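Below are some notes on backbone geometry and burial for your review. Please read them with the model open.

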Amino acid sequence: MSGGAAHPPHALTDTYTPDRGDPAYVVTHYDLELDYKVATNRLAGRAILELTVVEDVRRLVVDLVGLRVSKVTVGGAPAKWVHRGPRVVVTPSTPLRRGQRTRITMSYAGTPGPATTLWGDVGWEELSEGALVAAQPNGAPTWFPCNDHPRHKATYRIAFECDSPYDVVATGTLVATRARGSRTRRVFEQHVPMATYLATVHVGHYVRRPLGPADVPITVLLPAGRERPVMHDLGRLPEMTRLFRSLFGPYPFDDYTVVVTADDLEIPLEAHALATFGPNWLDGHRRHERLVAHELAHQWFGNSLTPATWADIWLNEGFACYAEWLWGEHADGVPAGTSAQSHWSRLARLPQDLVLGDPGPDLMFDDRVYKRGALTLHALRLRLGDGAFFDLLRDWVAGHRHGSVTTDDFVDLAEVHSRRASAGVGSTGDAAAERVRDLLGQWLWATDLPPLAPTTGG
């Protein structure tokens with residue numbers, strides 16, 4: 001570890017993860033060279049962070065958890081650094097000026113593992129044979145140095161070398177493979193900007209199966225011997241993509257991958273253009289098909305449109321939960337209104353202490369965020385009518401494609417669509433917009449559960 005006194009990080013902008021992220025700079029591209037030994041769970045890496053400085057600074061803070069730094073340069077010149085806990089404070093040889101572009105190169109190694117957080121263990125997870133990364137919300141630094149904030153989106157190049165008997169899937173498109181001796185090196189490139197928590201890697205023994213016919217290329221990676229139940233439970237996934245494209249707009253990425261691990265998993269997981277399930281969720285009986293719809297919907301809501309802060313988490317989970325109800329309405333004849341009323345009745349019996357628009361770190365993954373978020377959308381659908389509501393969703397997705405979003409952004413756009421919907425029905429646009437803002441205000445910022453009033457029109 002280089003010498004120098006530790007320096008407190010810059011004031012952070014996300015109170016949910018106060019030990020992550022440095023607002024003084026933005027990373028535009030990550031270039032990762034990783035070498036992994038499965039038997040010993042040993043990871044060695046070199047990370048290049050191409051960045052732009054957004055304020056005059058003498059020091060930058062990089063997030064890295066559980067791994068040991070050996071060398072740091074800034075702009076090609078050696079830099080001083082201090083690693084304390086989850087943060088590496090880097091001091092360039094000369095101060096950096098606002099607007100300056102440079103790069104941090106960091107070499108590191110160690111035995112990766114999950115970070116212990118308020119929400120349990122997140123990040124790198126060793127499996128019985130292999131590993132995976134489940135980084136939401138702040139586990140990305142368990143395997144690469146980063147500026148870990150949901151608003152910070154970058155492109156990626158991930159070169160990953162490991163023992164040849166193992167298959168590797170990482171975020172991005174596989175562009176090169178080279179086997180040498182007992183090792184295989186694969187290179188993945190991700191050209192669509194992505195938040196750090198959505199980057200992932202899988203190491204294991206898998207067979208690949210295409211799933212079609214589909215207008216979005218879908219690949220399933222699964223353990224040998226699990227093909228029949230898995231492919232049955234995923235059989236309607238192509239139809240889901242067609243439905244969601246019609247409701248939300250074009251699928252935002254080039255393809256979609258589903259990885260099924262050999263180990264059971266506590267919950268399914270989403271990543272950029274990828275979802276992960278344990279075999280316990282795909283057992284051949286389609287008992288958990290709503291979760292297949294949920295993870296697919298995250299490709300629009302969460303992965304292409306990413307929350308600017310974790311306080312906006314309902315924009316991920318509420319939308320994905322509502323997509324479950326929309327799939328049930330389409331595929332199984334269960335009206336979304338029936339699902340909404342059932343979950344409204346359940347939520348009405350639970351404590352009324354949740355503020356959906358800012359639930360706080362303790363409650364950000366509470367099931368009430370998911371269900372109340374979906375109910376908020378259904379209440380808005382009842383207010384606007386189907387035509388205006390789904391026009392709103394498609395406009396929301398198209399207008400913020402591959403960007404960052406906030407709750408205020410959504411409320412503002414809902415007002416715009418309420419004005420459009422009010423034209424010709426005897427209501428002024430301003431009055432209609434005010435009613436929609438009041439409606440969303442009750443669902444988003446009050447703790448008491450509002451009623452589900454079947455009101456349509458402007």
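**Notes on backbone geometry and burial**

1. The model is predicted. The points below cover two cis peptide bonds, two residues with positive phi and one helix.

2. The bond between Q136 and P137 is a cis peptide, with omega about 0 degrees. P137 belongs to the loop that runs between β11 (130-134) and β12 (153-163).

3. A cis peptide bond is also present from G212 to P213, where omega is near 0 degrees. Here the proline, P213, sits in the loop between β17 (207-211) and β18 (218-222).

4. R286 is not a glycine, yet its phi is positive, at about 55 degrees. R286 is located in the loop between β21 (274-277) and α3. Is R286 buried, exposed or partly exposed? Its relative accessibility is 30%, so R286 counts as partly exposed; the buried class is under 20% and the exposed class over 50%.

5. H402 also has a positive phi without being a glycine, with a value of about 60 degrees. The loop that holds H402 lies between α7 (386-399) and β23 (404-405).

6. Why can helix α3 be described as largely enclosed by the rest of the structure? The helix spans residues 289-297, and 8 of its 9 residues are buried, so the description follows from that count. The buried residues of α3 are E289, L291, V292, A293, H294, E295, L296 and A297. When checking α3, note that E289, H294 and E295 are among the buried residues.

Terms used: Residues numbered from 1 in each chain as written. Predicted model: local features only at pLDDT ≥ 70, side-chain atom pairs only at ≥ 80, totals over all residues. Heavy atoms only, no water. Buried < 20%, exposed > 50% of the residue type's maximum accessible area, 1.4 Å probe, protein only. Helix = DSSP H or I, 4+ residues; strand = E, 2+ residues; numbered from the N terminus.
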